[in-house]
Amino acid sequence: MAYYRPIAMTDIARPPRALALAGGRCWFAQVEVLDRGRPARLAPVSEVPDAVLARLTAPRAPLAGLAMDRPQIMGILNVTPDSFSDGGRFLDPAAALAQARVLAAEGAALLDIGGESTRPGSAEVPVAEEIARTAPVIAALRDAGLPLSIDTRKAGVARAALAAGAGMVNDVSALTFDAGLAGVVAAAGVPLVLMHAQGTPATMQDAPAYDDVLLDVYDWLEHRIAVAAGAGIARGRIVVDPGIGFGKTAAHNLALIRGLSLFHGLGCPVLLGASRKRFIGTISGQERPDRRVAGSLAVALAAAAQGVQLLRVHDVAETRAALALWRAILAGDLT
Ligand code: HH2
């Protein structure tokens, strides 16, 4: 089976035949045709089947009120004692609220609030504990003026978060962890992030292996979209995420980031969560997660250049500044 990866461009000199990638600023006039076991080759868009082309080009509907024709910043707020980067800093509700307000003021378009670390080797948190960490913070922020997403794998936690004012669910297990979560999301009619992971957080970094990481993750996400749609979650409300660091080596992460534009073929907005992750530390030589900002920005800009619509980041102010310069250089857009 052939896969068509749009060669995403951002140059202001855009050929007349070029097509907008997912209705955004990036454009493409060629694709890379990928097929397992065969050498990749370049082809003109005229070779792409109509159904695939329609998915690659269709403007994405706004998500939680946010336009999907540009990269939007999702600020990370981990109300946990043990997250890999900010664990323990925002476990106290007052500290969590203060950090949420900082992220909002720095320009986050939405906030992703989590009460369970899913870093490699992490242990599961009981539902009641996860609710106690997240629901009060969400309730206190419900009128803060920006959409809130609950980062959870569990139906009970999502239900409590939605009741408290969350408007989106981010599931790093893509509905594989809790059979009840799809029903909660479908009933609420809210957007859902389906993220790829190989294995569970406890063991996922032991020996991750793929036939072809880009195509395997693509196929897996396509299957999870079908499962979610079958459970009554509208395709227009689904976001896909290749799951950087979840059962992946540094080489796997880089292959996914290099090939990100392929995921537009799934017809949904694409989210990337690479902020401060280990491979950035490995490549940039920064052991401390809070010193991985520059590397994280390089990845964020690489993702923006491939039309990714949501960037899940710890460093909101820095990412916002980087994107502002990126936009200004590309098109003289000074907003
Ligand atoms: N990464 C983390 C958590 N949730 N959700 C999505 N959709 N994509 C991601 O890449 C992703 C995610 C892990 O990062 P973080 O929240 O900073 O750490 P921890 O899991 O230790 O709390």
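How do the residues of the shell around the ligand divide into nonpolar, polar and charged? The split is six nonpolar, seven polar and five charged. Keep in mind as you look around that this is a predicted model.

**The chain as a whole**

Let's start with the protein itself. Its chain has ten helices and 13 strands. Measured out along the principal axes, the C-alpha trace spans about 55 × 45 × 40 Å. The radius of gyration is 19 Å, and a compact globule of 335 residues would come out near 20 Å, so the chain agrees with what you'd expect for such a globule.

**Where the ligand sits**

Now for the ligand, which you'll find in the largest pocket. There are 18 residues around the ligand, and those that come nearest are Ser83, Ser117, Asn170, Asp241 and Lys277.

Three side chains are worth picking out for their polar atoms, and here is how they pair up with the ligand.

| Side chain | Ligand atom | Distance |
|---|---|---|
| Asp241 | nitrogen | 2.6 Å |
| Lys277 | oxygen | 2.7 Å |
| His314 | oxygen | 2.9 Å |

So how much of the ligand does the protein bury? Taken alone, the ligand exposes 470 Å², and 99% of that is buried by the protein.

Back to two names from the table: Asp241 and Lys277 also belong to the group that comes nearest to the ligand. In Asp241, the partner for the ligand nitrogen is an N or O atom of the side chain, and in Lys277 a side-chain N or O atom likewise faces a ligand oxygen at 2.7 Å.

Notes: Residues are numbered from 1 along each chain as its sequence is written. This is a predicted model: local features need pLDDT of at least 70, side-chain atom pairs count only at pLDDT 80 or more; totals for chains, interfaces and linings use all residues. Side-chain values use heavy atoms; hydrogens and water are left out. A residue is near a molecule or strand if one of its heavy atoms lies within 4 Å of it. A polar contact is a pair of N or O atoms within 3.5 Å; within protein, one must be able to donate a hydrogen and the other to accept it, and residues adjacent in sequence count only if both atoms are side-chain atoms. Accessible areas come from the Shrake-Rupley method with a 1.4 Å probe; for residues, only the protein chains shown count as cover. On a 1 Å grid over the protein atoms alone, a cavity is a set of points where a 1.4 Å probe fits but cannot get out, and a pocket is an open set with protein on both sides within 12 Å along at least five of seven lines; lining residues have an atom within 4 Å of a point. A molecule sits in a cavity or pocket if more than half of its atoms lie within 2 Å of its grid points. Ala, Val, Leu, Ile, Met, Phe, Trp, Tyr, Cys and Pro count as nonpolar, Asp, Glu, Lys and Arg as charged, and the others, Gly among them, as polar. Helices (H or I, at least four residues) and strands (E, at least two) are DSSP runs, numbered from the N terminus. The radius of gyration is taken over C-alpha atoms; the globule rule is 2.2 Å times the number of residues to the power 0.38.
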